[in-house]
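Got your viewer open? Let's take a walk through this one together, stop by stop.

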Amino acid sequence: MFNADGHHSSHLLSHLLLNFNSTEVNRKVLMLVRDPEALSAQLQAVLRFFSQNDKVLLAVWREDSQSGWPFRMYDLGWNLLQDANLWKRLSDIPAMKRRPVEKWLESSAFLDLIIVHRQLFDVMNRDEQFGQFINKVSCPVFLMDENQNSFDEIFLSYNGSPASFESIKHFAYLFQDQINTARLNLIIKINETAVNLENCVYDYLRLHKRHFAISRFFEDDYDAGIEHLLEESNSPLVVVGGERRKNFDQFRHFANLHTQPSSLFIL
């Protein structure tokens, strides 16, 4: 688990390092949800991490869709997103113009984040178009457990690859408030590259949080070591970079075997 190949790194190079200590970040987010009737609850689980300064696009899964791309897209205002009866009003709200999955892949370069609820991911995981979309989008993907009200502990995986460091920088840029409030644990894979660059990662994190834990594991023990740390946490979030399909599958396998809610942020 938690390896990286660099395939999805560095699409936000110019602005990732700007205002890294500021919580006033104007983020553009696409949120994918499955169940319209649970829409308001799902939105509330996500919106607490954002503000009216952010733009949240909504994609609601339509099981009976004949378009090939099974989502109806909405660009709604902040007040409407918080409407407790939003799912009942969607039938009267015009959706965005339909576009094929290829067009959404192109436009993902202009998104800061895509949020996918675990429930939706579990259902759609075997869908070819959905898998193509999740694996090839240019921005990070947040696989979020809707049962998590907060993240007690954040685990940052660094294995020496550029993608794993970029994932840490993306997360720090997008979720500075979470870094401030949660316990932070940097997990390092012991290899020549990671050991040589460890101080660079350490110095970067110190810009965001003064105190955090560091765990180190040799390559053969790396996956098991991370899973053990996650098992000891009541509500963990793990941050990784690269090899999306492999990391998604391994994270889902771990999450399905354990009762505590857990989420994954992946570049």
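Start with the whole chain in view. Of the contacts between residues at least 6 apart in sequence, 80% join residues at least 24 apart. Keep in mind that this is a predicted model. Count up the secondary structure and you get 12 helices and 10 strands. Buried residues account for 54% of the 267 residues in the chain.

**Stop one: the loop between α2 and β2**

Select F50, which sits in the loop between α2 and β2. Is F50 buried or exposed? Its relative accessible area is 9%, under the 20% cut-off, so F50 counts as buried. Now show what surrounds it. Setting aside neighbours within four places in sequence, F50 touches R27, V29, W78, L113, I115 and F175. Pick F175 from that group and look at the sequence too: F50 and F175 are 125 residues apart there, yet their C-alpha atoms are 9.1 Å apart in space.

Stay in this loop and select D54, which also lies between α2 (39-47) and β2 (55-61). D54 has 7% relative accessibility, so it counts as buried. What does the side chain of D54 have 2.8 Å from one of its polar atoms? Turn on R27 and you'll find its backbone nitrogen there. You have met R27 already, as one of the contacts of F50.

**Stop two: a pair of helices, α8 and α10**

Next, select residues 162-174 for α8 and 192-206 for α10. Their axes come within 11 Å and cross at roughly 0 degrees. An angle under 35 degrees counts as roughly parallel, so that is how α8 and α10 run relative to each other. To see where they touch, show F165, I168, K169 and A172 on α8, then C200, V201, Y204 and L205 on α10. Sorted by class, this contact has seven nonpolar residues, one charged and no polar ones.

**Stop three: another pair, α7 and α12**

For a second pair, select 128-136, which is α7, together with α12. Here the axes come within 9 Å and cross at roughly 110 degrees. That makes α7 and α12 roughly perpendicular to each other. On the α7 side, show G131, I134, N135 and K136; they meet R244, R245 and F248 of α12. What classes of residue make up this contact? There are two nonpolar, two polar and three charged residues.

**Stop four: the turn-off before α12**

Now select E243, in the loop between β9 and α12. Most residues other than glycine have a negative phi. E243, though, has a positive phi, near 45 degrees. With 28% relative accessibility, E243 counts as partly exposed.

**Last stop: helix α11**

Finish by selecting 222-231, helix α11, and colour Y222, G225, I226, L229 and L230, which are buried. Why do these residues line one face of the helix? Look down the axis of α11: the buried residues fall within an arc of 135 degrees, so they line one face. As background, an α-helix has 3.6 residues a turn, so residues three or four places apart point the same way. To see what the buried residues of α11 pack against, switch on β6 (153-158), β7 (183-190), β8 (213-218) and β9 (236-240), along with α12 (244-256). So the tour ends with α12 back in view, the helix that meets α7.

Conventions. Residues are numbered from 1 along each chain as its sequence is written. This is a predicted model: local features need pLDDT of at least 70, side-chain atom pairs count only at pLDDT 80 or more; totals for chains, interfaces and linings use all residues. Side-chain values use heavy atoms; hydrogens and water are left out. Helices (H or I, at least four residues) and strands (E, at least two) are DSSP runs, numbered from the N terminus. Buried means under 20% relative accessible area, exposed over 50%, partly exposed in between (1.4 Å probe, protein chains only). A polar contact is a pair of N or O atoms within 3.5 Å; within protein, one must be able to donate a hydrogen and the other to accept it, and residues adjacent in sequence count only if both atoms are side-chain atoms. Contact means heavy atoms within 4.5 Å. Axes are lines fitted to C-alpha atoms, for helices over the stretch in contact, and angles run from 0 to 180 degrees between N-to-C directions. Angles under 35 degrees count as roughly parallel, over 145 as roughly antiparallel, 65 to 115 as roughly perpendicular and the rest as oblique. Ala, Val, Leu, Ile, Met, Phe, Trp, Tyr, Cys and Pro count as nonpolar, Asp, Glu, Lys and Arg as charged, and the others, Gly among them, as polar. The arc is that of the directions from the helix axis to the C-beta atoms.
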